[in-house]
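User: I've got a model loaded and want to go through the labels people put on it. Can you set each one against its cut-off for me?

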Protein chains: 2
Amino acid sequence: MTKTTALEGSTVEAPKELQTKERLLQAGMEIFAERGFADASIRQICSRAGANAAAVNYHFGDKQRFYAEVLATCHLRAWQRRPIPRLADFDEPGDALRAWLRWFLEMLTVDGAGPLGRLMAREMADPTTALDQLILRSMAPMMGTLYEIVAALMPHRDGEARNLCLQSVVGQCLFYRHAQPVFESLERLSQSGGLPPGAPLILQVEVDRLADHITQFSLAGLGVTAPEDGGSP
Amino acid sequence: MTKTTALEGSTVEAPKELQTKERLLQAGMEIFAERGFADASIRQICSRAGANAAAVNYHFGDKQRFYAEVLATCHLRAWQRRPIPRLADFDEPGDALRAWLRWFLEMLTVDGAGPLGRLMAREMADPTTALDQLILRSMAPMMGTLYEIVAALMPHRDGEARNLCLQSVVGQCLFYRHAQPVFESLERLSQSGGLPPGAPLILQVEVDRLADHITQFSLAGLGVTAPEDGGSP
DNA sequence: ACAAGATTAAAACATGTGTTTAAATCGTCC
DNA sequence: GGACGATTTAAACACATGTTTTAATCTTGT
């Protein structure tokens, strides 16, 4: 099926073919995440990978199939780096919710966690033909595990109420991915004194504090607990 | 300052100059909203406006300044079509929150309400040089009015807690703009039977139901009320 | 009616894109 | 060592883009 006819049983640990293919995938993840599918140029990707401009077309066929493979690689590595927390792993559904939120927020906003979050956001902003694949492979399982947690937290409500609450939870997280450019622009504006005095300054927070806040806010919204009054210790 | 040296005191109600300039702005709003700044081509915009390919450069200088003017026009028309609900207009802060949410959701997701919501989302997904302008002119006032409402609803909390809650409220709304392509793709997938049986089907809801849900969820999250148990009548 | 200026129109320019082609290079096996 | 296939390289192709240019057309004031 595949075209790996040569260098199959070689004694060398890292064959050259996988070398540049791997470098292309790495560069593709970076640049597709930075610039999006349309704005990322094959020449730029090949340049960062230290390969010729025709390397992508040789190894992957065309830009679209290369992009699809980049998405698949992203998904695979993100999920094997840290598996998604499931309801069955916890005694209390509230703990499962907090763990899920921490996992989701990290994937979305922490750069070191891989570019899957950025690529998902880009695919939502302007979809390509690879959106269906991304939904089936990445998004649906994430939402499925969260739905189990939400269902355990509100067992007496019907599916539509659960879906609305699930979306309220997910929306709070997605905000911190989509608003990142706004944060940066606000920081820039506030340094140059271009902000009106009355405007409330929105600030970035660490993932742990975010997960704690969204957990409390959502548990209250779901009707599980009354929100704690604390916050400033 | 401006270059309107001719046709100034004409008796004609709709001078030709404003005709094509207005048509260009209209087509620009549509196509920039559909395809984003980079992917929208000047030729396509001029074609939809029934103008020559050089019309944009003649009337606005270049693509960037044209885009900035489109954003400004969008903002102006969206806000004069329906003013933003303010805290002072309501007796109860909860009513103000519900009205604000309804206004924000409509701007974000209802096509007839103008393309400002789409353009804001696009500018967040991959920013251009016009993001600062959009923040100062459109986003900051929206968030300012919401902050007043949130502050009235949680008078005993500090600014950081209020900001976190504000972002939780905004995130729930933004979800329904950013997830729209996912909704459409899910609908397509479910019709072709490509969805696994266990996957929870996320459905679109009307703006009024959304506003009600987010109001209840958020009031509970803010610690104002315990969420009602009802939902299915 | 005429002339001046604003507006349109068509064509060309420079540039960047994805992709293909053809030759050169490399690695491996007989 | 030499030959064969996989890989890399450089060049070219076809096309789309934003912008500029030049001439034509329209509008208006006198």
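**Labels and cut-offs**

Analyst: Let's start with a pair across the two chains: the side chains of B:Arg209 and A:Glu160 form a salt bridge, 2.6 Å from N to O. Keep in mind that this is a predicted model, where local features need pLDDT of at least 70, side-chain atom pairs count only at pLDDT 80 or more, and totals for chains, interfaces and linings use all residues. Residues are numbered from 1 along each chain as its sequence is written, chains are lettered from A and ligands numbered from 1 in the order in which they are written, and side-chain values use heavy atoms, with hydrogens and water left out.

User: Why is the meeting of B:Arg209 and A:Glu160 called a salt bridge?

Analyst: The rule asks for a side-chain nitrogen of Lys or Arg within 4 Å of a carboxyl oxygen of Asp or Glu. B:Arg209 and A:Glu160 are at 2.6 Å, N to O, so the pair passes. The rule finds six salt bridges across the interface of chain B and chain A.

User: What makes up the area buried between chain B and chain A?

Analyst: Buried area is the accessible area (1.4 Å probe) that two parts lose on being put together, summed over both. Here that comes to about 4,800 Å², and carbon and sulfur atoms give 65% of it. On chain B's side, B:Leu164, B:Gln167 and B:Phe217 supply 13% of the area that chain B buries against chain A, more than any other three residues.

User: How do you know that the copies meet through the same surface?

Analyst: Contact means heavy atoms within 4.5 Å, and by that rule 62 residues of chain B touch 62 residues of chain A. Of the interface residues of chain B, 100% are also interface residues in chain A, so the same surface is used by the copies.

User: What rotation superposes chain B on chain A?

Analyst: The fit is by least squares on the C-alpha atoms of residues with pLDDT of at least 70 in both copies. A rotation of 180° with 0.0 Å of shift along its axis does it, at RMSD 0.0 Å. That's the relation of a two-fold axis.

User: Why does B:Ile45 count as buried?

Analyst: Buried means under 20% relative accessible area, with exposed over 50% and partly exposed in between (1.4 Å probe, protein chains only). B:Ile45 has 0% relative accessibility, so the label fits. Leaving aside neighbours within four places in sequence, B:Ile45 has contacts including B:Leu24, B:Ile31 and B:Phe66.
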